[in-house]
Amino acid sequence: MTSLHFKGRVFVENFHLGVPFHELTPVRSKGLSKKASLHDNLIVEGDNLAALKALLPTYHGKVKCIYIDPPYNTGNEGWAYNDRVNSPLMKDWLGKVVDRDDLTRHDKWCCMMLPRLKLLRELMRDDGAIFVSIDDNEMHRLRCLMDDVFGEENFIATAIWQKVYAPKSSAKYFSDDHDFVLVYARDRDTWRPKPLPRTESQDAAYRNLDDDPRGPWRPNNLAARNRYSKGVYAITCPSGRVIEGPPRGSYWRVSEERLRELDQDGRIWWGKDGNNVPAPKIFLSEVKQGRVPQTLWTWQEVGTTQDSKREVVSILDFDTSEEVFITPKPSSLVRHMLSIATDKDSIVLDSFAGSGTTAQAVLALNKEDGGNRRFVLIECEDYVDNVTAERVRRVIKGVPNVKDEALREGLGGTFSYFKLGKALRKESMLDGTKLPSYERLAAYIFFTATGEEFDASKMRPERWFIGRSRNYDVFLLYAADFEQLKDMALTMDIARKLSRGTRDKLVFAPTKYLDQEFLHRYRITFQQLPFEIYETVDRLAR
Ligand SMILES: C[S@@+](CC[C@H](N)C(=O)[O-])C[C@H]1O[C@@H](n2cnc3c(N)ncnc32)[C@H](O)[C@@H]1O
């Protein structure tokens with residue numbers, strides 16, 4: 001298989017596997033939800049590599065549509081690769097800010113992207129798709145990386161977004177009028193695009209010149225260029241005019257017999273005087289209700305870069321003269337992708353969130369079609385609160401003085417704000433000097449097993465209960481004392497006590513003394529405590 005080689009590739013190839021899980025700490029004051037939850041709309045503050053990994057327990061295989069708009073690597077963005085790659089040689093090279101003079105800036109960009117793309121793939125549903133904005137700086141390298149990570153058989157399209165409505169006449173060579181959007185499916189055989197709503201201008205091409213009871217139609221061309229063995233014959237029009245055959249180099253697209261059948265069914269238009277080349281009618285009622293997505297996305301349909309700046313400025317009350325710090329995308333562009341690639345209850349992820357355009361697009365589409373899509377946004381820069389989250393707070397509540405009525409009213413919805421917390425490392429918990437406290441182990445286990453926020457106040461250690469997740473009541477049989485721990489097991493007696501209530505139970509314990517049949521009867525899923533616990537117990541006992 002063809003594969004892209006770049007400096008540093010060997011160091012980052014499997015880097016995503018070693019990234020530790022981090023806690024996600026709720027910051028209630030910054031969200032718009034009564035109770036912060038990882039199952040709400042989300043804004044996560046932090047680097048997206050660690051954040052994507054932290055989201056894995058909750059969102060593995062659940063994301064229907066990913067949109068990312070990573071740095072284009074123009075040499076002017078001032079980004080620095082800051083993943084903790086351990087090789088000292090690599091650290092020195094990778095850590096420097098990437099500018100135009102950096103001859104290895106493309107290698108660094110690939111080092112940054114590869115592990116993130118791998119994690120993004122893990123998060124996708126089998127019928128999911130990913131859309132990536134890019135321009136000519138990295139387009140060809142991105143295409144190779146995407147082929148590597150998603151498989152070239154899952155390539156769907158390269159869409160061209162016409163991002164300006166007028167050419168830049170001051171351009172030295174060519175006016176740069178478009179960006180690309182690369183589209184890949186997680187599995188091309190499973191993914192299908194949604195048809196887009198038909199436009200008024202498309203429907204206007206259908207008329208009913210002969211009052212056909214089947215409704216409006218448009219004439220099709222009878223001649224086609226594809227060779228067709230039954231497609232050469234003379235036709236006599238109702239007026240008596242004889243057409244000797246199709247135009248040179250073309251063929252009638254139906255046989256003589258089929259043309260007669262269509263005519264008998266009133267499906268052929270011969271013109272008002274019955275003298276035209278016959279045209280098969282295409283009825284509006286018989287064409288697909290929607291429109292197939294196209295690879296050319298015009299500014300009229302999805303907006304321009306100017307529209308997007310105006311949009312952000314009007315929502316965030318920026319002074320128009322103020323430089324809009326990032327290059328936002330129009331929310332109509334992201335909405336276009338959502339229309340192609342989401343259902344009403346889909347989860348949408350954007351791990352390079354910038355000004356939060358994706359959140360607005362999700363909420364706007366929900367408001368329009370009564371959907372319940374959810375967004376997950378990740379942003380690492382300082383402006384994550386006063387720009388990314390602030391935009392979302394404002395569009396939810398309503399933005400006065402904007403033209404768009406829905407936006408003025410407020411798009412509605414909630415979101416929870418999380419900050420990337422400490423790394424959860426079993427090694428540091430089980431460092432051999434003492435066993436972790438009940439609460440510390442409970443927090444680690446609850447989070448890594450359910451992906452949900454651990455709330456210590458809900459814990460009832462006297463009955464082993466450590467919390468309730470969306471799907472389970474979770475229990476932990478454990479004590480930070482190795483003498484007690486040695487004798488601890490899930491027994492029939494304990495199983496009976498835990499089995500009160502109708503919910504499924506997830507039980508962590510050193511071992512169990514009952515078989516599968518009883519576990520099933522008591523709706524218990526048994527999980528053995530991490531092996532490292534015993535190593536620590538052994539060390540302490542020595
Ligand atoms: C081109 S902007 C995205 C703009 C966005 N589509 C919008 O419409 O506002 C790229 C964003 O990705 C963020 N970013 C870059 N590297 C990141 C990382 N490692 N983790 C999280 N965010 C990152 C940058 O801070 C920047 O805000």
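**Entry 1: a strand pair**

I started with strand 20 and strand 21 (residues 472–476): three bridges join them, and the two run antiparallel. Note to self: this is a predicted model. I then looked up G467 and found that its bridge partner in strand 21 is V474.

**Entry 2: the whole sheet**

Next I wanted to know in what order the strands of this sheet sit. I read off 20-21-22-23, four strands forming an open sheet with mixed pairing. Which strands are at the edges? I got strand 20 (465–468) and strand 23 (524–528), each of which pairs on one side only. I also checked the twist, and from one strand to the next it averages 20 degrees.

**Entry 3: a helix on the sheet**

I looked at what helix 16 (residues 438–450) is doing here, and it lies across strand 20, strand 21 and strand 22 (504–509). Against strand 20, I noted that helix 16 runs at about 35 degrees.

**Entry 4: two helices together**

I moved on to helix 12 (residues 357–369) and helix 13 (residues 385–397). For two packed helices, I need the angle between the axes and the distance between them. Here the axes come within 9 Å and cross at roughly 20 degrees. Angles under 35 degrees count as roughly parallel, so I can call helix 12 and helix 13 roughly parallel to each other. I put their crossing down as right-handed.

Which residues meet? On the helix 12 side I listed T357, A359, Q360 and L363, and on the helix 13 side R391, V392, V395 and I396. Sorting this contact by class, I have five nonpolar, two polar and one charged residues.

Technical notes. Residues numbered from 1 in each chain as written. Predicted model: local features only at pLDDT ≥ 70, side-chain atom pairs only at ≥ 80, totals over all residues. Heavy atoms only, no water. Axes fitted to C-alpha atoms, helices over the stretch in contact; angles between N-to-C directions. Parallel < 35°, antiparallel > 145°, perpendicular 65-115°, else oblique. Left-handed = near helix turned anticlockwise from the far one by under 90°. Contact = heavy atoms within 4.5 Å. Nonpolar A, V, L, I, M, F, W, Y, C, P; charged D, E, K, R; others polar. Pairing = 2+ DSSP bridges.
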